[in-house]
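Student: Could you take me through a close look at one part of this model, the helices and how they pack, along with a few residues that stand out? I would enjoy one connected account.

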Amino acid sequence: MKELQKKDLQYIWHPCSQMKDYEDFPPIVIEKGEGAYLYDFTGHSYLDAVSSWWVNLFGHCNPRINKAIKKQLDQLEHVIFANFSHQPAIELAEKIVDITPPGLNKVFFADNGSSAVEVALKLSFQYHQQAGQHNKTKFVALTDAYHGETVGALSVGDIDLYNKIYKPMLLDTIKVPSPDCFRCPYGQERSSCQAPCFEQMERAVEAKHHEICAVIVEPLVQAAAGMKIYPPQYLSKLRALCNQYKIHLIADEIAVGFGRTGKMFACEHANISPDMICLSKGLTGGYLPLSLAVVTDEIYQAFYCDYKELKAFMHSHSYTGNPLACAAALATLKIFEEDNVLEQNKAKSAQIKELVQSFAHGHPYIGEFRQIGMIGALELVQDKASKEPFSWDKRVGYQIYQKALQEGLLLRPLGNVLYFMPPYIVNDKDIEFMVTKAFRAINQYFNLP
């Protein structure tokens, strides 16, 4: 293990990391994974409570997904996707159209979440240009949003940690204050409010609708912002507003799709259909990079014409529609169908909630536990009455993360927020272990019994 760690630090630059941290806390080198657990080269196990960055749905080395990939590997590993196609992509597109919200009938393949967002942004921009609406060049997004790391995706994001340094090179976008149900300025409760905060979006769109081609949001959960959960009424109002001004609604369901919120897609909670939906992460069960932008027929038809009109969407990725990734995605969707996953997750979600609340009740440093489906988040605060957060430079979440690893639990804090987003195959024992060890690490940090 130590030799591998030494070579790792000699050659590898890890993502989303200050590499100097690794001098004191070297990377854990994983040898294998099985179910909800990862195993390092010393034999220590770690319950993967964050699904390895939100991608793993049905456990590591899932036999059914493994089998599907192995079978595909002996048939076709990859083929150019321009003027060529293959059965796994065709079958996957058909299934995706069947399960996504009504009206989303055309599937554009990409290879990661940021790429899917770039596709959606470019499609909306080009659509309006080709429709003669040349003033419609701007995008509206929420503050605290996260949509990926490429330039377009960063432009519609609003987390300084990721994009502040790059602002001079980013697109000029319109930012609207996001719903903040934990520190609600309207004094409302998340469970009963009618999203009065939407008035800020309404004002922004009414004032500049002639410039706006699309609004992009993470439906119901702003994940990277700390699993900020807001009510479905906000989405309902947003759909109506976009309809009124003929603005595209882009739903970034990369993190929240495929059952994370308790429904297959978060938009279903509001009973709305976006004009475009971006999908990735759990799409392949956490196996291989693949993403989709699924759009309406209206958008598709705006690009459909004789070649000489030059309206084609000239966007491509080398690994677009990769057959191995499509096979993994098909196997993943088959598990949803055969195992009644969404129904089973209801009991698991309830168990997580009950356990967390029993530990969190009266805890001096837990300001809120919020949950939707299989996403649960603990927000740590310095003062419960004022909801004052801990200063970012104290790195409270990071230090608790280190203690949790010593307990055999993999968390990935978002500042002062610790969250649970485990694979759906966790059992009662796993859930008890996850919650108990998380609170053990929290209490160790705060020197509580």
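Tutor: Happily, and let us begin with a term: a residue is buried under 20% relative accessible area, exposed over 50% and partly exposed in between, with a 1.4 Å probe and protein chains only. This is a predicted model, in which local features need pLDDT of at least 70 and side-chain atom pairs count only at pLDDT 80 or more, while totals for chains, interfaces and linings use all residues. Residues are numbered from 1 along each chain as its sequence is written, and side-chain values use heavy atoms, with hydrogens and water left out.

V151 is partly exposed because its relative accessibility is 37%. V151 belongs to helix α7, residues 151-155; helices here are DSSP runs of H or I with at least four residues, strands are E runs of at least two, and both are numbered from the N terminus. Together with I165, Y166 and M169, V151 makes up a nonpolar surface patch with about 410 Å² of accessible area. Such patches take residues with over 30% relative accessible area and no salt bridge, joining nonpolar side chains (Val, Leu, Ile, Met, Phe, Trp, Tyr) within 5 Å and like charges within 9 Å. A salt bridge means a side-chain nitrogen of Lys or Arg within 4 Å of a carboxyl oxygen of Asp or Glu, and the areas come from the Shrake-Rupley method with a 1.4 Å probe, where only the protein chains shown count as cover for residues.

Helix α3, residues 51-54, holds W53, and W54 is in helix α3 too. Phi of W53 is positive, near 70 degrees, in a residue other than glycine; W54, also not a glycine, has a positive phi of about 75 degrees. W53 is partly exposed at 39% relative accessibility, whereas W54 is buried at 9%.

Now to the packing. Helix α5 (residues 87-99) and helix α12 (residues 323-339) have axes 9 Å apart at an angle of about 40 degrees. Axes are lines fitted to C-alpha atoms, for helices over the stretch in contact, and angles run from 0 to 180 degrees between N-to-C directions. The α5 and α12 pair is therefore oblique, given that under 35 degrees is roughly parallel, over 145 roughly antiparallel, 65 to 115 roughly perpendicular and the rest oblique. Helices α14 (residues 396-406) and α15 (residues 428-445) come within 8 Å, axis to axis, and cross at roughly 120 degrees, so α14 and α15 are oblique to each other.
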